[in-house]
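The exercises below are to be worked with the sequence and the 3D structure in view. Each task is followed by its solution in steps.

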Amino acid sequence: MTRIGIIGAGNVAARHADVLSCFPDVTISAIADTDPARAGALAARYGSRAYGAHTEMLDAGGLDAVYVCVPPFAHGAPELDVLAANIPIFVEKPLALDLATAEKIAAEIRRRGLVSAVGHHWRYFDTVRRAAELLDGRPVRLALGHWLDKVPPVPWWLRRDGSGGQVLEQAVHVLDLARVLVGEVDMVHAVPATGAGDGEIDRAVAAVLRFRGGAAGVLATTSLLGRKLRAGLEVHAEGITLEIGETALVVDGGGEPGAVFEDSGDAKVRVDREFVDAVRGADADVRAPYEEALRSHRLAYAVARSASEGVPVTLDEDR
């Protein structure tokens, strides 16, 4: 059995725990949260031990891998403590509020040669694989990304020092997908809507992206809505348009005009299964190890920085 520990006991941690508990070769050994009652409640569902501090959980030993499922502001110490114990790690996005913390964690993973993964489950959509096939030999020339949504029901989300903003916390999924289908970005210029209160995140951001391969891009985000309207990426290449959302791919052109391909819906299972297989030393398809996810974090952070500083931001071509 692969013995898993989880740091954090919120909704995302519970989602991973539900998936992991269904794997016959996995046991959820321990759950730690700064709220001991919440840790205890989640641990009770799986017969796991509960801890009020992740350091206590790590000191108890006996873990083969650890999931870090904490709010954006809490990243840093949990990951570095897990790595100091020489344990493979799965980290939920975003990687951190800043760039320096994520870079430090990446360097430590690299130094120790440990298995890692980040929760960019969009990479496991069947529709993304189909989109890549349809785009083969057709360079994308325009990419339009969007995340149009409501405010999530957590108290820290609207605080800049809590979530880091919508681009970093949510739209990083869209930016990660753009990197997969379009390529790397070398410049961003973002403009925030006015009206944010002191210490609050921008409630709407529009950004222009310049891709190294020659494509132009636009990203639009807002959390002003009463419900989630849509989140996804639209790409345009010679003779074809693809719109990739969280449930389906819509194709216009390319010999399949008006075609709609539904996703299987198992991406959130596959991202966990592949990480567990990698930990076990089996053949595995980990599509977003920490080092790769760091590239998407750098891009999201550049957009957030541009919106904050009001200037274009250039990304290092070597990264």
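A residue is called buried under 20% relative accessible area, exposed over 50%, and partly exposed in between, using a 1.4 Å probe and protein chains only. The model is predicted, so local features need pLDDT of at least 70 and side-chain atom pairs count only at pLDDT 80 or more, while totals for chains, interfaces and linings use all residues. Residues are numbered from 1 along each chain as its sequence is written, and side-chain values use heavy atoms, with hydrogens and water left out.

**Exercise 1. Describe the overall fold of the protein chain.**

Step 1. Count the secondary structure, taking DSSP runs numbered from the N terminus: helices are H or I of at least four residues, strands are E of at least two. The protein chain has 9 helices and 15 strands.

Step 2. Compare its radius of gyration, taken over C-alpha atoms, with the globule rule, 2.2 Å times the number of residues to the power 0.38. The radius is 20 Å, close to the 20 Å that the rule gives for 319 residues, so the chain is as compact as a globular protein of that length.

Step 3. Add burial and contacts. Of the 319 residues, 52% count as buried. With contact meaning heavy atoms within 4.5 Å, residues 24 or more positions apart account for 68% of the contacts with a separation of 6 or more.

**Exercise 2. Find the inward face of helix α6 and its packing partners.**

Step 1. List the buried residues of α6 (residues 126-135): Thr127, Val128, Ala131, Leu134 and Leu135.

Step 2. Look down the axis, measuring the arc by the directions from the helix axis to the C-beta atoms. The buried residues of α6 fall within an arc of 120°, so they line one face of the helix. An α-helix has 3.6 residues a turn, so residues three or four places apart point the same way.

Step 3. Identify what this set packs against: β7 (140-148), α7 (166-181), β11, β12 (240-244), β13 (248-253) and β14 (259-262).

Step 4. Check what comes after the helix. Gly137 follows α6 and has a positive phi, near 85°.

**Exercise 3. Which residues are linked with Arg123 in a network of salt bridges?**

Step 1. Apply the criterion: a side-chain nitrogen of Lys or Arg within 4 Å of a carboxyl oxygen of Asp or Glu. This rule gives 23 salt bridges.

Step 2. Take the pair Arg123 and Glu292, whose side chains meet at 2.7 Å, N to O. Arg123 is in the loop between β6 and α6 and Glu292 in helix α9 (residues 290-309), 169 residues apart, and the pair thus links distant parts of the chain.

Step 3. Compare burial across this pair. Arg123 is buried, with a relative accessible area of 11%, whereas Glu292, at 22%, counts as partly exposed.

Step 4. Take Arg179 and Glu184, with closest N and O atoms 2.9 Å apart. Arg179 is buried at 7%; Glu184 is partly exposed at 26%.

Step 5. Assemble the network: Arg123 is linked with Asp176, Arg179, Glu184 and Glu292.

**Exercise 4. Inspect the backbone at Pro94 and Asn86.**

Step 1. Read omega from Lys93 to Pro94: near -5°, a cis peptide bond. Pro94 sits in the loop between β5 (89-91) and α5 (100-112).

Step 2. Read phi of Asn86: near 65°, positive in a residue other than glycine. Asn86 is in the loop between α4 (77-84) and β5, and counts as partly exposed at 45% relative accessibility.
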